[in-house]
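Subject: Structure for you, plus some notes

Hi,

Here is the structure I said I'd pass on. Have a look, and then read my notes underneath.

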Amino acid sequence: MSFPLRDAFSRDGFIVLRGGIPMPLVDRLRLGLDPIIGQRGQGRLGTGRHQAILDPACYHPSFKDFLNLPQLNLAAEEVIGTSELAFAGLAVLIGSVDHRVCNWHRDFKDGYHELPALLDRPNTCIQFNCALYDDRSLWIVPGSHRRASTAGESAFARRFEDLGFTSPYGLAAAIDPMPMASMPGAINVHLEPGDCALYNPLMWHAAEYRPEWKRATLHGGWRQASSMYEFEAMRWGIEHNPWLLEPAYLGNPGEFLGPQMERYNQAALRFHPDLKASAAAAG
Ligand SMILES: O=C(O)CCC(=O)C(=O)O
């Protein structure tokens, strides 16, 4: 049997599913996200992202339909090599009203104690960027997900370390006039509406946010369910969706999200036994 998506993801650290979201659903998702996008630039929602959009306070039924898309879920099952997947959160990336960068990083850095084992298991988890509008924000270094950083990658990223996770573009450009493209091996990921990039969050990645770009890119992923019991890194964020402990508001959660959410909730309660749906949802 051949597994072209799994092989490509394992080799390069990413795949792009063109038209992964059918256009009628893209339209419904845009409508569902309009209230969040409309707040861009205001208070907490000013820059970057809204982290947990399954929160009943901003939930829209199109989000559940998106999470149950067979094409995306079957691709994830092929990449990870099992149907025993767990949900891994759902955010929306909204860009910024000022020109900014999300500086180069890998989600778990060199020196992190679990990194050597995780680098040996490049198909354990997937992060996705699924674009609802044309999106040129994301930059990646293909192949960097299965090895420690090169001296060139580390040296380049270190120059921006004091700027933090995101910073004004001008501050980064003062350090290097091309703060995205000058990273060794970097490529820009261009997504058209409906396209989905599936990538390994251990690879070097970064993003540029321009005020003239309208951005609504769904950002979440899947994990091999058993990996949440094996690796602390794979449990990151499992306490961020406590409302899923009382999921009646979703109605029928669907063929894929249903079991993936149950596995997520099981791990959430195992590692955060005091987690309460109502208390956290109200807070
Ligand atoms: O805005 C983006 O596409 C990048 C987000 C990112 O780097 C992250 O969530 O780790």
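Below are my notes on the core, one helix pair, the ligand and two residues.

Bear in mind that this is a predicted model, where local features need pLDDT of at least 70, side-chain atom pairs count only at pLDDT 80 or more, and totals for chains, interfaces and linings use all residues. Residue numbers start from 1 along each chain as its sequence is written.

Let's start with the core. The largest nonpolar core (buried Ala, Val, Leu, Ile, Met, Phe, Trp, Tyr and Cys residues joined through C-beta atoms within 7 Å) has 75 residues, and A86, I140, A197 and L198 have the most contacts inside it. Strand β3 (residues 85–96) gives the most to this core, namely eight residues. Helices and strands here are DSSP runs, H or I of at least four residues and E of at least two, numbered from the N terminus. In soluble globular proteins, nonpolar side chains tend to be buried together.

L198 is worth a click: setting aside residues up to four places away in sequence, L198 touches F9, F14, I15, L17, A75, V79, I126 and F128 (contact means C-beta atoms, placed from the backbone, within 7 Å).

Two of those partners, F9 and A75, also turn up where helices α1 and α4 meet: L5, R6 and F9 in α1 face A75, E78 and V79 in α4. By class, that contact has four nonpolar, no polar and two charged residues (Ala, Val, Leu, Ile, Met, Phe, Trp, Tyr, Cys and Pro are nonpolar, Asp, Glu, Lys and Arg charged, the others, Gly among them, polar).

Now the ligand. Around it sit L93, C102, D107, N129, S137, L138, H205 and A207 (each with its C-beta atom, placed from the backbone, within 6 Å). This shell divides into four nonpolar, three polar and one charged.

H205, from that shell, lies in strand β10 (residues 205–209). H205 counts as buried because it has 27 C-beta neighbours inside 10 Å; the cut-offs are 20 or more for buried, 12 or fewer for exposed, and partly exposed in between. Beyond four places in sequence, H205 touches H105, L138, W139 and I140.

Finally, S144 is in the loop between β6 (138–140) and α6 (151–158). S144 is buried too, since 24 other C-beta atoms lie within 10 Å. Leaving out neighbours within four places, S144 contacts G13, E153, G185, M203 and W204. From H205, S144 is 61 residues away in sequence and 9.4 Å in space, C-alpha to C-alpha.

Cheers

Definitions and conventions:
Contact = placed C-beta atoms within 7 Å.
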